[in-house]
Amino acid sequence: MVVGAFPMAKLLYLGIRQVSKPLANRIKEAARRSEFFKTYICLPPAQLYHWVEMRTKMRIMGFNAEAVKPLNEGAAAELGAELLGEAIIFVTACGCLLMEYLRQQAQRRHKEAERRAAWNALRDEMGHLALALETLQGQVQATPAKGALEELRQELREVRAQLHADQVRNPDPLPDLLEY
């Protein structure tokens, strides 16, 4: 992760959290005013939360928690609105964490793709260099060695000397050619 981007991401996360708190408060106020919202959204989770909490406390203290009295409507609406507000803040925070995780994964995949591309480029370059090396080795093997070159020069000198000697002995080469 880039060091400069981390404080910006943290700042963005804190900003979203700060915006989610007033949003949660407005939703809580709407839940308190709206009868439908209160009845169907706030009261059932509040009563369930109260029931689980009371049964747990009673069992911890060693009492039998068969029947738990439900909360009155006002207290249940207040508790439900609080639970809803906390749930909104929690979901917002989880969303921020998920977005950060996905961003990190995308960066990791991007770096891995760059690394793989660089590796492939190096492998291709190595293949091209191997072909060039084979070509150069073939050219080196095709050229005569220095010793062989010297031998060829010596043979050429001998052939020239023989031709010169033949010309000195026989100045007119045409009759010799006709005999063959």
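The following dialogue asks how several labels in this predicted model are justified.

Student: What is the overall make-up of the chain, in helices and strands?

Tutor: The chain has 5 helices and 0 strands, and from the N terminus on its elements run α-α-α-α-α. Of its 180 residues, 12% count as buried.

Student: Why is the pair of Phe36 and Tyr40 called tilted?

Tutor: A search of the whole structure finds 1 aromatic pair. The ring centres of Phe36 and Tyr40 are 5.0 Å apart, which is within the 6.5 Å cut-off, and their planes stand at 45°, neither under 30 degrees nor over 60, so the pair is tilted.

Student: What separates Phe36 and Tyr40 along helix α2?

Tutor: They are 4 residues apart in α2, which covers residues 35–61, and this amounts to about one helical turn. Both Phe36 and Tyr40 are exposed, and together with Ile41 they make a nonpolar surface patch of about 350 Å².

Student: Why does Ile41 count as partly exposed?

Tutor: Ile41, which also lies in α2, has a relative accessibility of 35%; buried would require under 20% and exposed over 50%, so Ile41 counts as partly exposed.

Student: What makes Val19 exposed, by contrast with buried?

Tutor: Val19 has a relative accessible area of 58%, and because the cut-off for exposed is over 50%, the label follows. Val19 has its place in helix α1, residues 5–33, and its C-alpha atom is separated by 9.7 Å from that of Thr92, although the two are 73 residues apart along the chain.

Student: How do you know that the length of helix α3 agrees with what is expected?

Tutor: Helix α3 takes in the 70 residues 73–142, and at 1.5 Å a residue, counted for one less than the number of residues, it should span 104 Å; its end C-alpha atoms are 101 Å apart, and therefore the two values agree. Among the buried residues of α3 are Ala76, Gly80, Leu84, Ile88, Cys96 and Gln105.

Student: What span does α2 reach, and where does its kink lie?

Tutor: With 27 residues, α2 reaches 37 Å from its first C-alpha to its last, close to the 39 Å expected. A kink of about 40° lies at Cys42, shortly before the proline Pro44.

Student: Which residues of α2 are buried?

Tutor: The buried residues in α2 include Cys42, where the kink lies, as well as Lys38, Leu43, Ala46, His50 and Arg55.

Conventions
Residues numbered from 1 in each chain as written. Predicted model: local features only at pLDDT ≥ 70, side-chain atom pairs only at ≥ 80, totals over all residues. Heavy atoms only, no water. Phe/Tyr/Trp six-rings, centres within 6.5 Å; stacked < 30°, edge-to-face > 60°. Helix = DSSP H or I, 4+ residues; strand = E, 2+ residues; numbered from the N terminus. Buried < 20%, exposed > 50% of the residue type's maximum accessible area, 1.4 Å probe, protein only. Patch = residues over 30% accessible without salt bridge, like charges linked within 9 Å, V, L, I, M, F, W, Y side chains within 5 Å. Areas by Shrake-Rupley, 256 points an atom, 1.4 Å probe, with all protein chains shown as cover. Salt bridge = Lys/Arg side-chain N within 4 Å of Asp/Glu carboxyl O. Bend = angle between axes of the 7 residues up to and from the residue.
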